[in-house]
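Q: Please take a close look at a single part of this structure. I would like to see how a sheet and a helix beside it are put together, step by step.

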Amino acid sequence: MSSMDNKEVVLLKKALERQKKARRQAERILEEKSRELYETSHQLKETNARLENLLSEKTSELEGVFVNIVDPYVVMDLETNVIRMNSAAVQFLGYDFPNEPLNLSTLVHPDYKKYTLDALKQLYSIGTLKNYRAKIFLKDGSLKFVQVNSSMIYDKNRKPIAAQGIIRDITGEMEAEEQIRASQNRLSTLISNLQTGVLLESEDRKISLTNQMFCDLFHIPVSPDQLKGADCSNAAEESKHHFTDPEGFVKRIEKILKSKKLVLSDELEMKDGRILERDYIPIFSDGKYKGHLWTYQDVTLRKNYKKNIEAQKEKYWSIIANMNLGLIEVDNDDVIQLVNQSFCAMSGFSEGELMGQKASEIIHVDEKNIIVEKGKERLKGKSDSYQVKIRNKNGETRHWLISGAPRYDETGTVVGSIGIHLDITAQKTLELQKEELLVELEASNRGLQEYAHIVSHDLKSPLRSISALATWLQEDYKDKLDDAGVYNLQMMQEKVEGMDKLIDGILKYSSINSETLERKPVDLNTVVNDIREIIYIPEHVNVIIMDTLPTLEADATKMHQLFQNLIGNAVTNIDKKEGIVSIGVEEKDRFWQFYVRDNGVGIPEEYHEKIFKIFQSIGNEERSTGIGLSIVKKIVDLYQGEVWLESEVGKGTTFYFTIKK
Amino acid sequence: MKGIIFTEFLEMVEETFGLEVTEQIIEESTLPSEGVYTSVGTYDFNEMVSLLTQLSENVDIPANKLLHTFGLYLFDSLGKAHPEVIKSFNSPIALLMSIEDHIHVHVKKLYPDAELPTFTIVEQSDTSLSIIYASSRGLYSLAQGLMEKCFIHFNSSAHISHELLKEDGTQVKFDIVQHG
């Protein structure tokens, strides 16, 4: 080897030595770094764990501490003073915290004070309080329903220092709950007052709900509330004795319960005669059987109603069939639907001949239009009575009084008419006879009047002759006649005068009738004054008008006759030294009542009626014709009044009469 | 000073001046580390000063010229050691602009104790850059060599002029203008 080579080897060896050292140094450095790294990571783990502990401690302690949450969040001390609250709480409660110190207990509504105290005790002892619900007043005075979930905050020694809570405004929810409660109340009130017995059973056959009607139907002596929760599994067996078919009742219930299908209107006959209608309504929620509802209704009345109606119809029909009135029912086309026995007898047709025929065609009515018209009236719902003349099957003419009324169906539509017929042929005949008689009577009355005129006229002329002859006899043979002859002639004159008056009276009497009545105002005071002038009134008799007499709408002559006859009568009958005839009047509702009173001889009671009849007179007064009171009676009758008298023999007489206003 | 600077320096000396010169400057520098360096270690900066001074005397080349040459050499070495860093850039200017915010951050991850110079960008455009270099070591020539080699690496070239802001070279302004 050359020295050059040696030198290079030495250099390389040195360089190699340096490289080895460098490698070892590098390895040492790396090991050192590794160790450092290990220690660092170990430390990091420890720190991490510590931090985690710290964090979890913080988390558990500050459970629900959500300063940034949306809901109102409040931290309070143990005296309920607010320590902290978030902006949502500030906004909700309305207090400008922390500028405005706030004690939460002051917000609580008085009704919730005690509840709140209890809740706080629970919070302090247990550490949490869930679902605290109370009404609180906000700053603006408004009332809110709030729900608070809260928990205690402890220091590191687990000593309570504060409490925190999240407030939720549940006013809306509570209002909704309130509404639901109210509607539940309404519903339960409704059910309890229902006229249907209700029994709601749960799926395990316990009573969930029943009502008073149910208890009443089955004579259960306890209140519906007490029945709640009672077991129904043996109820059918226990209550079967109420029913006429106990075993059938039990079997039916078992079948219904097994099938769990809706059953409506089961009819149950009870031993006490009642009939119940029962519905079974199974209740499913989301396809799951939840129980069932029984409802019972007493339908006894409804059931019996139909029977009653049938019975009533029967009853009335037998009355109708046997009554003496003909009954016929027709439809709107006048086709006969029904007739009774009497109608058949009246018409002469048998029931078979009448049914299904047109009434107006088979019965021959003289005036067909009447039937058509009445038919129209019936369609309008009108009922009335009318008379018709018909010919029956035998061709005999009969008079019927018909009372017709429309026939309605159950919806109130007119479906025809019903007629009740009374055969009034006999009455009608009588009526006709009466009418004929009246006509005859009028004619004969008229004839009589004419006759009276003629007779009186004819009678009067021989009377005048007799009177004239008697006067001549008396004058011509004045000297030849002795006193008895003169007296007899005078008597003859008087009798002739009496006869003349009698004839006048008859004439007057017969001429009094309504046809000739005038109606003009008549002042009765004037009438009486005139009479006082005309008739002879002796010195010792005074005729006095007691009350001012009325002015009547009447015939002046008749009034004159009326008063003259009564006053004349009264004056004539005076037998006292001082005679008084008083005339008075009393106004009544519908008439005037007059009287003419004297203090004369009086009239025995047996004559009180007789004296008003024509030609009846009592006593032998020459001047009395016996016609005067008949005329009075006839005139009073004309004015639809009455005349009567009160009298005591020896004391006087009062004639009363009335004149219709 | 990071070990990689020493190992690469000696590598360059060996390649450029031979094993004998390398051995000589190690021996003449009387180093506490005895010239045993590893890239993961950290060594006294004065050892570098001694090695550089001995080399300069031995080969009669000024120290700054040697540092400039070492800069050119070091860029490639660092590129071989950490190719991913250079690959993440597509231009030399982009790379230079990211020294402070990107590359040195990664260096600090691996070597938390590294004493790194600061590069403060004072002006920039697409094709030019003004940077102020600041380091108590005053190795601005090394920095210039590195920068020049960077342009070469990206097949580009630039005119890089420097201005000593402090006479001892601890603060130097570089004006870099890319050609073409």
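A: What follows describes one sheet of chain A and the helices beside it, and then turns briefly to chain B.

The model is a predicted one. The part to start from is an open sheet of five strands in chain A, in the order β18-β20-β21-β23-β22. The pairing in this sheet is mixed. At its edges lie β18 (541-545) and β22 (643-648) of chain A, and each of these pairs on one side only. From one strand to the next, the twist averages 15°.

As background, the strands of a sheet pair through backbone hydrogen bonds, and the sense can be parallel or antiparallel. One pair in the sheet can serve as an example. β18(A) pairs with strand β20 (residues 579-587) of chain A in the parallel sense, over five bridges. Within this pair, Ile544(A) stands opposite Ser582(A) in β20(A).

Next comes the helix. α17(A) lies across four strands of chain A, namely β18, β20, β21 (591-598) and β23 (652-660). Relative to β21(A), α17(A) runs at about 20°.

Helix α17 (residues 556-572) of chain A also packs with another helix, α18 (residues 628-638) of chain A. The angle between them is about 140°, and their axes are 9 Å apart. Because of that angle, α17(A) counts as oblique to α18(A); roughly antiparallel would need an angle over 145 degrees. The crossing of the two helices is left-handed.

On the α17(A) side, the contact is made by Lys558(A), Gln561(A), Leu562(A), Asn565(A), Leu566(A), Gly568(A) and Asn569(A). On the α18(A) side, Gly628(A), Leu629(A), Ile631(A), Val632(A), Ile635(A) and Leu638(A) take part. By class, the residues of this contact are seven nonpolar, five polar and one charged.

Chain B offers an antiparallel pair to set beside the parallel one. Strand β3 (residues 158-164) and strand β4 (residues 171-178) of chain B pair in the antiparallel sense over seven bridges. Glu163(B) stands opposite Lys173(B) in β4(B). β3(B) and β4(B) form a hairpin, with six residues between them. In the turn, Gly169(B) has a positive phi of about 75°.

Finally, the two chains touch each other. Chain A gives 11 residues to the contact and chain B gives nine residues. On the side of chain A that touches chain B, there are seven nonpolar, one polar and three charged residues.

Methods:
Residues are numbered from 1 along each chain as its sequence is written. Chains are lettered from A and ligands numbered from 1 in the order in which they are written. This is a predicted model: local features need pLDDT of at least 70, side-chain atom pairs count only at pLDDT 80 or more; totals for chains, interfaces and linings use all residues. Two residues are in contact if their C-beta atoms, placed from the backbone, lie within 7 Å. Ala, Val, Leu, Ile, Met, Phe, Trp, Tyr, Cys and Pro count as nonpolar, Asp, Glu, Lys and Arg as charged, and the others, Gly among them, as polar. Axes are lines fitted to C-alpha atoms, for helices over the stretch in contact, and angles run from 0 to 180 degrees between N-to-C directions. Angles under 35 degrees count as roughly parallel, over 145 as roughly antiparallel, 65 to 115 as roughly perpendicular and the rest as oblique. A crossing is left-handed if the near helix is turned anticlockwise from the far one by less than a right angle, and right-handed if clockwise. Two strands pair if DSSP finds at least two bridges between them.
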